[in-house]
Amino acid sequence: METKYITLNAQNLDAEHICCGFSDKKIKEGYEKKKSWLKNEMERGYVFRRLDEKAKVFIEYVPAENAWLPVEAKGYLMINCFWVSGQYKGKGHAKALLKSVVDDACAQGCAGLVTVVGTKKLPFMSDTKWLLKQGFEVVETLPHGFALLVLKLSGAELPSFKPCALKGECEETNGLVVYYSNRCPFTEYYVNDALSALAQQNNVPLTIIKLETKEQAQQAPTPATIFSVFYKGKFLTTDMSICTASRFAKFAREFY
């Protein structure tokens with residue numbers, strides 16, 4: 001039986017799931033906001049392709065000029081979230097999904113594919129080691145745990161991080177600062193409910209900055225525009241588990 005993948009669009013998005021959190025009641029608001037975000041971005045060439053099952057097997061990508069990331073990559077396709085989880089690993093889904101993006105890039109005459117990955121043990125949007133095995137190359141690294149990977153299809157200029165993301169610092173230096181967007185269905189709940197409550201309970205100053213537009217995201221001080229936490233102006237983590245009681249308690253013990 002042939003494996004079937006489907007590409008979501010404005011016509012079928014309401015009826016289809018988006019892989020992450022579709023059965024998690026506490027993130028219902030964030031789930032709908034991610035769908036709304038997707039619908040808006042699809043008008044700018046955003047693609048969400050997934051296995052036609054109730055599974056976390058999907059890839060998201062967009063022309064890099066329209067990506068919500070502080071990256072210069074004219075003429076490239078930017079891969080965002082790319083996951084194959086659980087029982088679906090090792091069955092060729094990742095290679096099939098990646099090939100579909102390469103095929104799209106070739107059809108559109110793009111320079112290649114680009115993506116932001118983690119260089120440290122931080123939760124992020126794709127598997128760095130696996131991508132390197134597929135022919136991606138590192139073109140730039142940042143000291144606070146990020147790298148820019150490229151799969152070139154032509155001789156175009158290499159992508160680069162924008163200056164705003166190079167230092168791993170933000171302007172606000174009082175307590176915790178969180179940058180987030182609705183690119184992930186989990187962020188709305190974990191930032192505005194869970195993390196806000198924990199910060200208040202522990203008397204930790206918290207500033208929340210929601211990235212509402214592509215332009216804001218492209219000028220963010222972090223390549224992780226889904227969710228990034230800074231402490232006293234310095235990048236701390238992309239790990240959303242800091243929004244849980246146990247992880248926040250560990251943070252509080254270390255810094256307070």
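**Nonpolar cores and overall architecture of the predicted model**

The largest nonpolar core comprises 61 residues, and those with the most contacts inside this core are Leu38, Val71, Met78, Val114, Phe227, Cys243 and Phe248. Helix 4 gives the most to this core, contributing six residues. A second core, separate from the largest one, contains 25 residues, among them Leu97, Leu98, Val117 and Leu131. In soluble globular proteins, nonpolar side chains tend to be buried together. The coordinates analysed here are those of a predicted model.

Leu38 illustrates the surroundings of a residue in the largest core. When its neighbours within four places in sequence are set aside, Leu38 is in contact with Leu13, Ile18, Tyr46, Phe48 and Glu60. Leu38 is also one of the residues with the most contacts inside that core.

At the level of the whole protein, the secondary structure comprises six helices and 13 strands. For a chain of 256 residues, a compact globule would be expected to have a radius of gyration near 18 Å, and the computed value of 18 Å agrees with this expectation. Along the principal axes, the C-alpha atoms fill a box of roughly 55 × 40 × 35 Å. Of the 256 residues, 52% count as buried. Among contacts with a separation of 6 or more, 65% are accounted for by residues 24 or more positions apart.

The accessible surface of the protein amounts to about 12400 Å², and carbon and sulfur atoms account for 49% of this area. The charged side chains number 33 positive and 28 negative, with the centres of the two sets lying 6 Å apart.

Two residues that are not glycines adopt positive phi angles. In Cys19, phi is about 75°, and in Asn203 it is about 55°. Both positions fall in loops: Cys19 lies between strand 1 (5–8) and helix 1 (28–42), whereas Asn203 lies between helix 4 (187–201) and strand 11 (206–210). Their accessibilities fall into separate classes. Cys19 counts as buried because its relative accessible area is 5%, under the 20% limit for that class. Asn203, with a relative accessible area of 67%, is exposed, since the corresponding threshold is over 50%.

The loop between strand 1 and helix 1 also holds Gly21. At 16% relative accessibility, Gly21 is classed as buried. Not counting residues up to four places away in sequence, Gly21 touches Ile27, Tyr31 and Phe186. Gly21 and Lys99 are 78 residues apart along the chain, and their C-alpha atoms are separated by 26 Å.

Lys234 belongs to strand 13, which spans residues 234–237. Its relative accessibility of 45% places Lys234 in the partly exposed class, the range between the buried and exposed limits. With neighbours within four places in sequence left aside, the contacts of Lys234 are Gly168, Glu169 and Val229. Lys234 and Met42 are 192 residues apart in sequence, and the distance between their C-alpha atoms is 33 Å.

Definitions and conventions
Residues are numbered from 1 along each chain as its sequence is written. This is a predicted model: local features need pLDDT of at least 70, side-chain atom pairs count only at pLDDT 80 or more; totals for chains, interfaces and linings use all residues. Side-chain values use heavy atoms; hydrogens and water are left out. Helices (H or I, at least four residues) and strands (E, at least two) are DSSP runs, numbered from the N terminus. Buried means under 20% relative accessible area, exposed over 50%, partly exposed in between (1.4 Å probe, protein chains only). A nonpolar core is a set of buried Ala, Val, Leu, Ile, Met, Phe, Trp, Tyr and Cys residues joined through side-chain atoms within 4.5 Å. Contact means heavy atoms within 4.5 Å. The radius of gyration is taken over C-alpha atoms; the globule rule is 2.2 Å times the number of residues to the power 0.38. Accessible areas come from the Shrake-Rupley method with a 1.4 Å probe; for residues, only the protein chains shown count as cover. Lys and Arg count as positive and Asp and Glu as negative; His and the chain ends are not counted. The place of a charge is taken as NZ of Lys, CZ of Arg, CG of Asp or CD of Glu.
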